[in-house]
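Here are some notes to read with the structure open beside you. Take the points one by one and find each residue as you go.

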Amino acid sequence: MSLCYPDNGSVSCGSCCGVFNLNLTRKEITLLLFQRTEEFQNTVDFKISHSLPAYRQSREAKEKQISKKDESTYNCPFLGYLDGGYKMGCMIHPSRTGNPLSQNYSFYGSSICLGYQCRNRENPDSAQWKSVFQELSSNSLDYSQLAANHEITTCLELLFTKLKYPKDWLFGKHREFVLGFLHEYLRFRGIADQRTSFEIVSLETETAESLIKKLSKFLKKNSPSLNWLENLIT
Ligand code: SF4
């Protein structure tokens, strides 16, 4: 059961596959994923190997005109909706194709697709964070916004360290606060700010103070109801 694709529930994260690199609204992203899924289901047969590159070529041509946030970041057309629901996922993942190397049909290739771990997935408490994110997300877009955002988790963890609270209070004693904060965050943070893909991040350059400053600025601007926290951390 991973942070990216939880076994239970109806939400998942597709952030690292590039769909959020496209300048699209939430509605347009949903439509695009449906269109990909439909075309994939109608044209790809895992037993006919050339159907996979043909699908990729067709989608790349269709999606070429969509402007990107970062021109150098690829958006992989194999990200779609799986299992007839609204969970985003890799349509050529080995668990679906039965071929351990099937993601070699993609631009990134199997080793990157299977090997990449975002910072939140690497987090030793990723299972706990996953359950918090699931509780808050009514769809995969919300879940992706939370699951891929290592700054927000780091920030909250640093805040609790600063307050000398045990880390497990994030998920237990102060869970309601964490849920409230992330709820506010989702309300004010747009999909346009979402991470774009397999990103190399340099969190090491951020200090606890600078992250907490960001949190405080965010609260001041967007969440008057959480102003008490701002006083606590500054
Ligand atoms: S092939 Fe790789 S980049 Fe494309 S959807 Fe699958 S995991 Fe994501």
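**Notes on the model**

1. Let's start at a turn. The hairpin of β1 and β2 has 4 residues between its strands, and one of its residues, Asp83, takes a positive phi near 55 degrees. Keep in mind as you look that this is a predicted model. Asp83 is not a glycine, yet its phi is positive. You'll find Asp83 in the loop between β1 and β2. Is Asp83 buried or exposed? Asp83 has 9 other C-beta atoms within 10 Å, so it counts as exposed.

2. Now the strands on either side of that loop. β1 covers residues 79-82 and β2 covers residues 87-90, and the two pair in the antiparallel sense over 4 bridges. For one pair to click on, try Leu82, which stands opposite Lys87 in β2.

3. Time to zoom out. How many helices and strands does the chain have? There are 11 helices and 2 strands. Going along the sequence, the order is α-α-β-β-α-α-α-α-α-α-α-α-α, with the two strands following the second helix. The chain has 234 residues, and 29% of them are buried. As for contacts with a separation of 6 or more, 68% are between residues 24 or more positions apart.

4. Helix α2 is a nice one to practise on. It has 13 residues, which should span 18 Å at 1.5 Å a residue, and its end C-alpha atoms are indeed 18 Å apart. The buried residues here are Leu52, Tyr55 and Arg59. Why do they sit on the same side of α2? They cover an arc of only 60 degrees around the axis, so they share one side of the helix. Turn to the other side of α2 and you meet Pro53, Gln57 and Ala61, which are exposed. The buried residues of α2 pack against α1 (26-43).

5. Stay with Arg59 for a moment. This arginine belongs to helix α2, residues 51-63. Why does Arg59 count as buried? It has 21 C-beta neighbours inside 10 Å, and the cut-off for buried is 20 or more. Setting aside neighbours within four places in sequence, Arg59 is in contact with Arg36, Glu39 and Pro77. Take Pro77: it is 18 residues from Arg59 along the chain, and their C-alpha atoms are separated by 6.2 Å.

6. Compare that with another arginine, Arg121, which is found in helix α5 (residues 119-122). Arg121 has 18 other C-beta atoms within 10 Å, so it is partly exposed. Which residues does Arg121 touch, not counting those up to four places away in sequence? They are Ser2, Leu3, Cys4 and Ser126. Leu3 is worth a look: Arg121 and Leu3 are 118 residues apart along the chain, while their C-alpha atoms are separated by 6.0 Å.

7. Next, helix α8, residues 150-162. From first C-alpha to last, its 13 residues reach 18 Å, close to the 18 Å expected at 1.5 Å a residue. Which residues of α8 are buried? Ile152, Thr153, Cys155, Leu156 and Leu159 are. Their arc around the axis is only 160 degrees, which means they lie on the same side of α8.

8. Just after α8 comes Lys164, with a positive phi of about 60 degrees. Like the aspartate in the first point, Lys164 has a positive value in a residue other than glycine. Where is Lys164? Lys164 lies in the loop between α8 and α9 (175-188). Lys164 is exposed, because it has 6 other C-beta atoms within 10 Å.

9. Last stop, the ligand. Which residues surround the ligand? They are Cys17, Cys76, Phe78, Leu79, Cys90, Ile92, Gln103, Ser106, Tyr108 and Cys113. Sort that shell by type and you get 8 nonpolar residues, 2 polar ones and no charged ones.

Methods:
Residues numbered from 1 in each chain as written. Predicted model: local features only at pLDDT ≥ 70, side-chain atom pairs only at ≥ 80, totals over all residues. Buried ≥ 20, exposed ≤ 12 C-beta atoms within 10 Å, placed from the backbone. Contact = placed C-beta atoms within 7 Å. Expected span 1.5 Å × (residues − 1). Arc of directions from axis to C-beta. Near = placed C-beta within 6 Å. Nonpolar A, V, L, I, M, F, W, Y, C, P; charged D, E, K, R; others polar. Pairing = 2+ DSSP bridges.
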